[in-house]
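Trainee: Could you pick one part of this model and take me through it closely, then show me how the rest is arranged around it? I am new to reading structures, so please go step by step.

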Amino acid sequence: MESFSIDEISNYTNSIITFVINGASTKLPLKEKDMISTINIKGKLFYMALSHAKTALKETYGLMLADVPDSKSGKAYICHSEEPGLSLLLFDEDQQRHITLLFVILSYLFMRGSDTPHKTKTTEEDLKTFLDGLRIKFDEYHPYFGQNLKKLITETFVKQLYLKREKDVSELDSETKFNYYWGFRAHSEFDKKLLLDATAKILKKPPTFFVAKHQELYGNEDVEMSSSTN
């Protein structure tokens, strides 16, 4: 049976933590094969050090290292704050502007019912129409969000796992179409209750006005509280 010294495990644990923290700012998934290659470690020792690193990241930095499900490029992880929303404070000025646009898009997808894959579909055309109504054009420079919005939405946010973009396969359409959903990272970094409250404030409505969404997030909490006070 292999045995490893405490110092050996500790050194590799620290190397993994450094790798994760250095790579976390890009918001791109951290590939396990890149981690193994960079640190020059493999096998049982790697997974022992990785387990220690996950614990240290959580206890020391309040960061979670989560496995990305169904990663097509091999096993990968995302790093995010233990508290939804706190990860967003780590962005620079440009990233904060981009995350504002992402918030708008995720709010739209959520209110449409497509925060979970294979529920209500939100097509790229519908998304474009919605953004057009806010004077945000896919192919035009925006004074606040900048340029290359199409690439930001269709590539960057998708690679960062904030958005899931899937081809709509149909024998009736010759043109390739796409549908959008919340991505894996979005579920970790955005609180849907806060998102519903923010949307309600913008539209000058109480959150309970959006019956289906309020019920989805809160269940019968308000009903039960109302009944107990009567």
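Mentor: Happily! Let's start at Gly23, which is buried, with a relative accessible area of 15%; the cut-off for calling a residue buried is under 20%. Keep in mind that this is a predicted model. Gly23 belongs to helix α1, which covers residues 6-24. Now look across from there to Cys79: the two are 56 residues apart in sequence, yet their C-alpha atoms are 8.8 Å apart in space.

Cys79 brings us to the part I would like you to study, strand β3. This strand spans residues 76-81, and six of its six residues are buried, so the rest of the structure largely encloses it. In a regular strand, side chains alternate between the two faces of the sheet. With that in mind, look at β3 from either side: Ala76, Ile78 and His80 are on one side, Tyr77, Cys79 and Ser81 are on the other, and all of them are buried. Both faces of the strand are therefore covered.

Next, find the neighbours of β3. The open sheet here has three strands in the order β1-β3-β2, with antiparallel pairing. The edges belong to β1 (30-31) and β2 (63-67); each has a single partner strand, so one side of each has no neighbour in the sheet. On the β2 side, five bridges join that strand to β3, and the two run antiparallel. You can check the register yourself: Met64 has His80 as its bridge partner in β3, and Leu65 has Cys79. That is the Cys79 we reached from Gly23. On the β1 side, two bridges make the link to β3, again antiparallel, and here Leu30 stands opposite Tyr77.

Now let's step back to the whole chain. The protein chain has ten helices and six strands, and 37% of its 230 residues count as buried. Among contacts between residues at least 6 apart in sequence, 57% join residues at least 24 apart.

The other strands to look for make up an open sheet of three strands in the order β4-β6-β5, paired antiparallel. Its edge strands are β4 (122-123) and β5 (163-168), each pairing on one side only. Between β4 and β6 (residues 177-182) there are two bridges in the antiparallel sense, and Thr123 stands opposite Asn179 in β6. Helix α4, residues 93-112, packs on this sheet and touches β4, β5 and β6, its direction making about 95 degrees with that of β6.

Helix α4 also leads us to the aromatic rings. Counting rings whose centres lie within 6.5 Å, there are eight aromatic pairs. In one of them, Tyr108 and Phe130 have ring centres 4.1 Å apart and planes at 10 degrees, so this pair is stacked. Tyr108 is in α4 and Phe130 is in helix α5 (residues 124-133), so the pair ties together parts 22 residues apart in sequence. Tyr108 is buried, at 13% relative accessible area, whereas Phe130 is partly exposed at 26%. Compare that with Tyr144 and Phe145: their centres are 5.1 Å apart and their planes are at 80 degrees, so this pair is edge-to-face. Here Tyr144 is partly exposed at 39%, and Phe145 is buried at 9%. Tyr144 has another partner too, since the charged end of Arg97 sits over its ring, 5.1 Å from the centre. Ring pairs also link Phe110, Phe157, Tyr162, Trp182 and Phe190 into a cluster.

Let's finish with helix α8, residues 192-202, where the buried residues are Lys192, Leu195, Leu196, Thr199 and Ala200. These residues cover an arc of only 135 degrees around the axis, which puts them on the same side of α8. The face turned away from that side carries the exposed residues Leu194, Lys201 and Ile202. On the buried side, the packing partners are α4, β6, α7 (184-189) and α9 (211-218). When you go back to β3, compare the two elements: α8 has a buried side and exposed residues facing away from it, whereas β3 is covered on both faces.

Key. Residues are numbered from 1 along each chain as its sequence is written. This is a predicted model: local features need pLDDT of at least 70, side-chain atom pairs count only at pLDDT 80 or more; totals for chains, interfaces and linings use all residues. Side-chain values use heavy atoms; hydrogens and water are left out. Two strands pair if DSSP finds at least two bridges between them. Helices (H or I, at least four residues) and strands (E, at least two) are DSSP runs, numbered from the N terminus. Contact means heavy atoms within 4.5 Å. Axes are lines fitted to C-alpha atoms, for helices over the stretch in contact, and angles run from 0 to 180 degrees between N-to-C directions. Rings of Phe, Tyr and Trp (its six-membered ring) pair if their centres lie within 6.5 Å; planes under 30 degrees apart count as stacked, over 60 as edge-to-face and the rest as tilted. Buried means under 20% relative accessible area, exposed over 50%, partly exposed in between (1.4 Å probe, protein chains only). A charge sits over a ring if NZ of Lys or CZ of Arg is within 6 Å of the ring centre and within 35 degrees of the ring normal. The arc is that of the directions from the helix axis to the C-beta atoms.
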